[in-house]
Amino acid sequence: MLIVHSIAELRAALADRGRPAFVPTMGNLHDGHLSLVRRARECGGPTVASIFVNRLQFLPHEDFDSYPRTWEADRTRLEAAGCDILFAPREADLYPEPQTFKVQPDPRLADLLEGEFRPGFFTGVCTVVMKLFSAVFGTTGGGTAVFGKKDYQQWMVIRRMVEQFALPIDVVAGDTCRADDGLALSSRNGYLASGERSQAAELPRALRSLADAALSRPVADWPALERAACDALCAHGWQPDYLVVRRRSDLQPAQGGACAGTLVALGAARIGSTRLIDNLEF
């Protein structure tokens, strides 16, 4: 596996090698990330993964400085998964001057749910992803980018960004990988204390219960079901930001006539000091 740090090195490494398949990460890799790398390998071109902890998507009170950096383990795991090129830019490589030009996503999609509780988050995500796309695909004529569905809203925002800018990139979704008890794999699971880890699977169970209840009740009852789901988590010591049912197409509240196969339950909640997100299509 070749490791490069600068955009120039990356473009030189990709020259005349066809259309790459790209997996952007912030490191601290788990099996969910590696499943995306394996999905990228199925595309046939060179497989590129990046590791970059993006300051722009962290709010001032969030965990940018303490976000786990596990370089040696990440490098080893990517190589074992068959990654061809690891792009690991330093902050000065990706942002050689203050990033004053930024990508502002559609507020109808980006200012709800995660965007409501983490204002500016998706601007930071879109800006760094656009820059990474330029680095990876700028001289290759396009390719494939693989994102995990665990970050469901992020996947949708990136997909819309690619469509609106007519980028020659196929955005592919990888299914959420879960532990045996149903907890979605996440780099932030490592923050959980032992007692919190045993309770963390309550979040996917709450989403499953909410989805089942929504399918058995009229749409007009769903706001009450969502409040009840939040209350149930609160009773177990959680601090939920939201548990909701939305249309998969645009993450807006469902209207009358909503049916199975078009919906997604999404949740974000804090247990102790750790904030977890999850979703369930149904």
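## Rings, charges and a helix contact

Phenylalanine 58 and tyrosine 67 are both buried. Keep in mind, as you look around, that this is a predicted model.

Those two residues also make a good way into the aromatic side of the structure, which holds 10 aromatic pairs. The ring centres of phenylalanine 58 and tyrosine 67 lie 6.0 Å apart with the planes at 75°, so this pair is edge-to-face. Now take phenylalanine 117 and tyrosine 242: their ring centres are 5.9 Å apart and their planes stand at 35°, so here the pair is tilted. Here are the two pairs side by side.

| Ring pair | Centre distance | Plane angle | Type |
|---|---|---|---|
| Phenylalanine 58 and tyrosine 67 | 6.0 Å | 75° | edge-to-face |
| Phenylalanine 117 and tyrosine 242 | 5.9 Å | 35° | tilted |

Where do phenylalanine 117 and tyrosine 242 sit along the chain? Phenylalanine 117 belongs to helix 6 (residues 114–117) and tyrosine 242 to strand 7 (residues 239–247), so the pair links distant parts of the chain, 125 residues apart. As for their surroundings, phenylalanine 117 has a relative accessibility of 33% and counts as partly exposed, whereas tyrosine 242 is buried, at 7% relative accessible area.

There's also an aromatic cluster to look for, formed by Phe22, Phe133, Phe137 and Phe147.

Rings meet charges here as well. The charged end of arginine 118 sits over the ring of phenylalanine 121, 4.1 Å from the ring centre. Over at tryptophan 155, the ring has the charged end of arginine 159 sitting over it, 4.4 Å from the centre.

Next, a look at how two helices meet. Helix 1 (residues 7–14) packs against helix 7 (residues 121–137) at an angle of about 40°, and the axes are 8 Å apart. That angle makes helix 1 oblique to helix 7. Which residues meet there? From helix 1 come Ile7, Leu10, Arg11 and Leu14, and from helix 7 come Ser134, Ala135 and Val136. Sorted by character, the residues of this contact between helix 1 and helix 7 are 5 nonpolar, 1 polar and 1 charged.

Last stop: threonine 47, found in strand 3 (residues 47–51). Is threonine 47 buried or exposed? With a relative accessible area of 1%, threonine 47 is buried. If you set aside its neighbours within four places in sequence, threonine 47 is in contact with Ala21, Val37, Ala40, Arg41, Gly82, Cys83, Asp84 and Ile85.

Conventions: Residues numbered from 1 in each chain as written. Predicted model: local features only at pLDDT ≥ 70, side-chain atom pairs only at ≥ 80, totals over all residues. Heavy atoms only, no water. Phe/Tyr/Trp six-rings, centres within 6.5 Å; stacked < 30°, edge-to-face > 60°. Buried < 20%, exposed > 50% of the residue type's maximum accessible area, 1.4 Å probe, protein only. Helix = DSSP H or I, 4+ residues; strand = E, 2+ residues; numbered from the N terminus. Lys NZ or Arg CZ within 6 Å of the ring centre and 35° of its normal. Axes fitted to C-alpha atoms, helices over the stretch in contact; angles between N-to-C directions. Parallel < 35°, antiparallel > 145°, perpendicular 65-115°, else oblique. Contact = heavy atoms within 4.5 Å. Nonpolar A, V, L, I, M, F, W, Y, C, P; charged D, E, K, R; others polar.
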